[in-house]
Structure formats: structure tokens, C-alpha cells
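Here is a short tour of one fold, from its sheet to the helices that pack on it. Have the coordinates open in your viewer as you read along.

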Amino acid sequence: MTALYIDADACPVKAEAERVATRHKVKMFLVSNGGLRMSQNPLVEVVIVPDGPDIADMWIADRCGKGDVVVTGDIPLAAKCVEAGARVLKHNGEALTQANIGNVLATRDLMTDLRAADPFRQGGGKGFTKADRSRFLEALERELRAAARG
């Protein structure tokens, strides 16, 4: 049975994911270390984990597997989920797969090193756009259909 796991801390697409999960009648887990409202939707389970580094990530990684879909912006968590056989999406709809997760991890590590080498570097990631939200919705539809087919 397919489940949808949302790394809910700072996730901009929780409501969209809930609508798609409800349409597909898929159990959805919103995992966070706090600050989430409980959902009245019987398909949505809000999981509050203890404070601590990567506790929510570990909760998701320990439970997801083949046939599940995970939504996260955390690249190390994405790598663990891909390894477990889950389908993984970033918030902007980008799919993370066996074919690209190595490059994505390497790029993340390189950018971490560059930021550490230049503490005065300004700027950051680009903002989340309507186009990102639209791509996410299309990608989640696609991934849930594919997961249901097996």
C-alpha cells in the first residue's frame, strides 16, 4: 500500500500534497518536530518527533520503502529514501532518482564547502514560485500513479 511521507519542516506544499493524497486515497504522514496543526482528514497523520538533529528525517527513512513517495528538500534524506526504493520529490517537483541522486549530493556538498570557504558570501536560493508549485502538483500526481501501478 502506497504511503506519502512529507518532511514537513519548512515544506511549502503541505496543503497541495494533502489534496492530491486525498484524491488518490493515499495515507499521508506529515513529519515534523512541532508547529503543525492537526488535520481533520482521516488519511493524514501528523507525526511530531522529539527535537534533535535529523530525528524527523530518520523517522521517514526508517519507514519508507518501495511503492512509497517522499517529499523533501533534504538531500541526504532523499538519498536514503531513494536507496530504500521510494520515489522522491523536491518541493519544486524535481524527482530524485538512482540516476541523479549522486550528482545532487555532490553538488550539495560542493556548495556547502564553498559557503564555508567564504563566510561573507551573500545570497541564497531562489524563492518558491507559482511555477514551482504547479510543477510539484504535476510531479506528485505522476509519482502517485506510478507508485500505485507498482
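In this predicted model, helix α2 lies across β1, β2, β3 and β4, and its direction is at about 160° to that of β1. Which residues of α2 are buried? They are Ala-56, Asp-57, Trp-59, Ile-60 and Ala-61. These buried residues pack against β1, β2, β3, β4 (69-71) and α3, so the helix has partners in both strands and a helix.

The helix partner deserves a closer look. The axes of α2 (residues 55-63) and α3 (residues 75-83) come within 9 Å and cross at roughly 10°. Because angles under 35 degrees count as roughly parallel, α2 is roughly parallel to α3. On the α2 side, the contact is made by Asp-57, Ile-60 and Ala-61, which meet Leu-77, Lys-80 and Cys-81 of α3. Sorted by class, this contact has 4 nonpolar residues, 2 charged ones and no polar ones.

Now for the sheet itself. What is the order of its strands? The sheet is open and its 6 strands follow the order β3-β2-β1-β4-β5-β6, with mixed pairing. At the edges are β3 and β6 (95-96), each of which pairs on one side only. Three of the strand pairs are set out here.

| Strand pair | Bridges | Sense |
|---|---|---|
| β1 (residues 3-7) and β2 | 5 bridges | parallel |
| β2 and β3 (residues 44-48) | 5 bridges | parallel |
| β5 (residues 87-89) and β6 | 2 bridges | antiparallel |

Individual partners help to fix the register. Tyr-5 stands opposite Phe-29 in β2, Ser-32 has Ile-48 in β3 as its bridge partner, and Leu-89 is bridged to Ala-95 in β6. Strand β2 (residues 27-32) is mostly covered, with 5 of its 6 residues buried. Between β1 and β2 the chain passes through helix α1 (residues 14-24), and this β-α-β crossover is right-handed. Helix α1 also packs on the sheet, where α1 touches β1, β2 and β3, and its direction makes about 160° with that of β2.

Two buried residues are worth selecting in your viewer. Start with Tyr-5, which is found in strand β1. Is Tyr-5 buried or exposed? With a relative accessible area of 6%, Tyr-5 is buried, because buried means under 20%. Leaving out residues up to four places away in sequence, Tyr-5 touches Phe-29, Trp-59, Ile-60, Arg-63, Cys-64, Asp-68, Val-69, Val-70 and Val-71. Among these contacts, Trp-59 and Ile-60 are also listed with the buried residues of α2. Tyr-5 and Val-70 are 65 residues apart in sequence, yet their C-alpha atoms are 4.7 Å apart in space.

The other residue is Glu-143, in helix α5 (residues 130-149). Glu-143 has 9% relative accessibility and therefore counts as buried. What does Glu-143 contact, apart from its neighbours within four places in sequence? Its contacts are Val-69, Arg-87, Leu-89 and Ala-95. Leu-89 and Ala-95 are the bridge partners met above in the pairing with β6, and Val-69 is also touched by Tyr-5.

Technical notes: Residues are numbered from 1 along each chain as its sequence is written. This is a predicted model: local features need pLDDT of at least 70, side-chain atom pairs count only at pLDDT 80 or more; totals for chains, interfaces and linings use all residues. Side-chain values use heavy atoms; hydrogens and water are left out. Axes are lines fitted to C-alpha atoms, for helices over the stretch in contact, and angles run from 0 to 180 degrees between N-to-C directions. Helices (H or I, at least four residues) and strands (E, at least two) are DSSP runs, numbered from the N terminus. Angles under 35 degrees count as roughly parallel, over 145 as roughly antiparallel, 65 to 115 as roughly perpendicular and the rest as oblique. Contact means heavy atoms within 4.5 Å. Ala, Val, Leu, Ile, Met, Phe, Trp, Tyr, Cys and Pro count as nonpolar, Asp, Glu, Lys and Arg as charged, and the others, Gly among them, as polar. Buried means under 20% relative accessible area, exposed over 50%, partly exposed in between (1.4 Å probe, protein chains only). Two strands pair if DSSP finds at least two bridges between them. A crossover is right-handed if, with the strands pointing away from the viewer, the path from the first strand over the helix to the second runs clockwise.
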